[in-house]
Amino acid sequence: MQGVLTGFAVIAVVIGIGYVLGRRGHLGDDGRTVLTRLAFNVATPALLFTTLAGADLSVIFSRRLLVTAAAMAAAAALFIAVGLLRGWRAGHLTIGALCSSYVNAGNLGIPIAVYVLGDASLVAPVLLLQQIVVTPLALTILDLSRSGEPRPLLQRLTTPLRNPMAVGSLAGVTVAATGWTVPSPALEPLTLIGNMSVPAVLLAFGISLRGSGIPARGADRAAIVLSAGLKTTVQPVIAWSIGAGVFHLHGAALLDVVVISALPAAQNLFTYASQYRVAEQLARESILLSTVASVPVLIIVAALLGQA
């Protein structure tokens, strides 16, 4: 329980600082935009590269990750199904599906894994899955759904190769797969730059809260409530059902997959929405609601399954 509260407290403080910066105007009118672009184009790609370059890719092939992946896919599919029935646009479908399924495995998942699950490496598989598969796929969809002139087929096919987030992930995976060790003079500057990613994302998110009203109001209300509900309640229930019923997980293994699935939506999803100028309110308010709602959910999960 201490890990849940510690992880959320750290995030809340940094977001609060961002909100104060936005209220006082210390970073100017373009502060949020600059932080978002810094995170998207420079800091997060560097963080992804340094994280994945030293990762053990064999952790992808595990029963626990299959459970997590199935729960993520189910939550995203439910949002997309409802969105298609309601006629939501491709950008809203993509961002909403991410907010319904993409877990905060980094800045929140790591401390919770340490204090609740006792092992930070338990979030590595889902972190790899999200950065190797989910992020490049989602950003490619956002790229291709942009308005404007139809682009040539070759340009469409090479879309992931021009996205800095996808490039950072793929480069890191390539290094890990080959077993090559990046020389320290090259790795340390990238590590230093990558360390800016999480603070930049959280500060930009805090600045974006300036002037915003009560969450889940306006045209995106249904999508916001749906995605936050799927993320905080439906996804962990699906993970528990699949883990216990299909893969026969129990004890610590079942606790791991349910806790990870109950993590809120990641703040970097707001960075994606801001970068592509699509569904920004949906991303901001869904992340905020899922973050708040996941606190009691995680405490209940830890109390119930931790004693099983």
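Two residues are in contact when they have heavy atoms within 4.5 Å of each other. Keep that in mind as we walk through this predicted model.

**The whole chain**

The protein chain has 14 helices and zero strands. Of its 308 residues, 48% count as buried. Its accessible surface comes to about 14000 Å², and 66% of that belongs to carbon and sulfur atoms. Now take the contacts between residues at least 6 apart in sequence: 84% of them join residues at least 24 apart.

**Phenylalanine 205 and its neighbours**

A good place to begin is phenylalanine 205, found in helix H10, which covers residues 197-208. Is this residue buried or exposed? Buried means under 20% relative accessible area, and phenylalanine 205 has 1% relative accessibility, so it counts as buried. What does it touch, once neighbours within four places in sequence are left aside? Its contacts are Ile15, Gln267, Phe270, Arg284, Ile287 and Leu288. One of these partners, arginine 284, is 79 residues away along the chain, yet the two C-alpha atoms are separated by 7.3 Å.

**Helix H2 and threonine 36**

Helix H2 has 23 residues and reaches 31 Å from its first C-alpha to its last, close to the 33 Å expected at 1.5 Å a residue. At alanine 39, H2 bends by about 50°.

Threonine 36 lies in this helix, which spans residues 31-53. With 5% relative accessibility, threonine 36 counts as buried. A polar atom of its side chain lies 2.8 Å from the backbone oxygen of arginine 32. Not counting residues up to four places away in sequence, threonine 36 touches Ala204, Thr271, Ser274 and Gln275.

**Salt bridges**

Side chains of opposite charge can pair when their charged atoms come close. How many salt bridges does the structure hold? There are three, and the table sets them out.

| Basic residue | Acidic residue | N to O distance |
|---|---|---|
| Arginine 32 | Glutamate 280 | 2.9 Å |
| Arginine 64 | Aspartate 256 | 2.5 Å |
| Arginine 284 | Glutamate 285 | 3.9 Å |

Start with the salt bridge between arginine 32 and glutamate 280. Arginine 32 lies in helix H2 and glutamate 280 in helix H14, so this pair ties together parts that are 248 residues apart in sequence. Arginine 32 counts as buried at 19% relative accessibility, and glutamate 280 counts as buried at 18%.

Next comes the salt bridge of arginine 64 with aspartate 256. This pair also links distant parts of the chain, with arginine 64 in helix H3 (residues 63-86) and aspartate 256 in helix H12 (residues 252-262), 192 residues apart. Arginine 64 counts as partly exposed at 33% relative accessibility, whereas aspartate 256 counts as buried at 5%.

In the pair formed by arginine 284 and glutamate 285, both residues are buried.

**The loop between H13 and H14**

Finally, look at the loop between helix H13 (268-276) and helix H14 (280-305), where arginine 277 is placed. Phi of arginine 277 is near 55°, a positive value in a residue other than glycine. Alanine 279 is in the loop between H13 and H14 too, and its phi, near 50°, is likewise positive in a residue other than glycine. Which of the labels buried and exposed fits each residue? Arginine 277 is exposed, with a relative accessible area of 54%, while alanine 279 is buried, with a relative accessible area of 7%.

Methods
Residues are numbered from 1 along each chain as its sequence is written. This is a predicted model: local features need pLDDT of at least 70, side-chain atom pairs count only at pLDDT 80 or more; totals for chains, interfaces and linings use all residues. Side-chain values use heavy atoms; hydrogens and water are left out. Helices (H or I, at least four residues) and strands (E, at least two) are DSSP runs, numbered from the N terminus. Buried means under 20% relative accessible area, exposed over 50%, partly exposed in between (1.4 Å probe, protein chains only). A polar contact is a pair of N or O atoms within 3.5 Å; within protein, one must be able to donate a hydrogen and the other to accept it, and residues adjacent in sequence count only if both atoms are side-chain atoms. Accessible areas come from the Shrake-Rupley method with a 1.4 Å probe; for residues, only the protein chains shown count as cover. The expected span of a helix is 1.5 Å times one less than its number of residues. The bend at a residue is the angle between axes fitted to the seven residues ending there and the seven starting there. A salt bridge is a side-chain nitrogen of Lys or Arg within 4 Å of a carboxyl oxygen of Asp or Glu.
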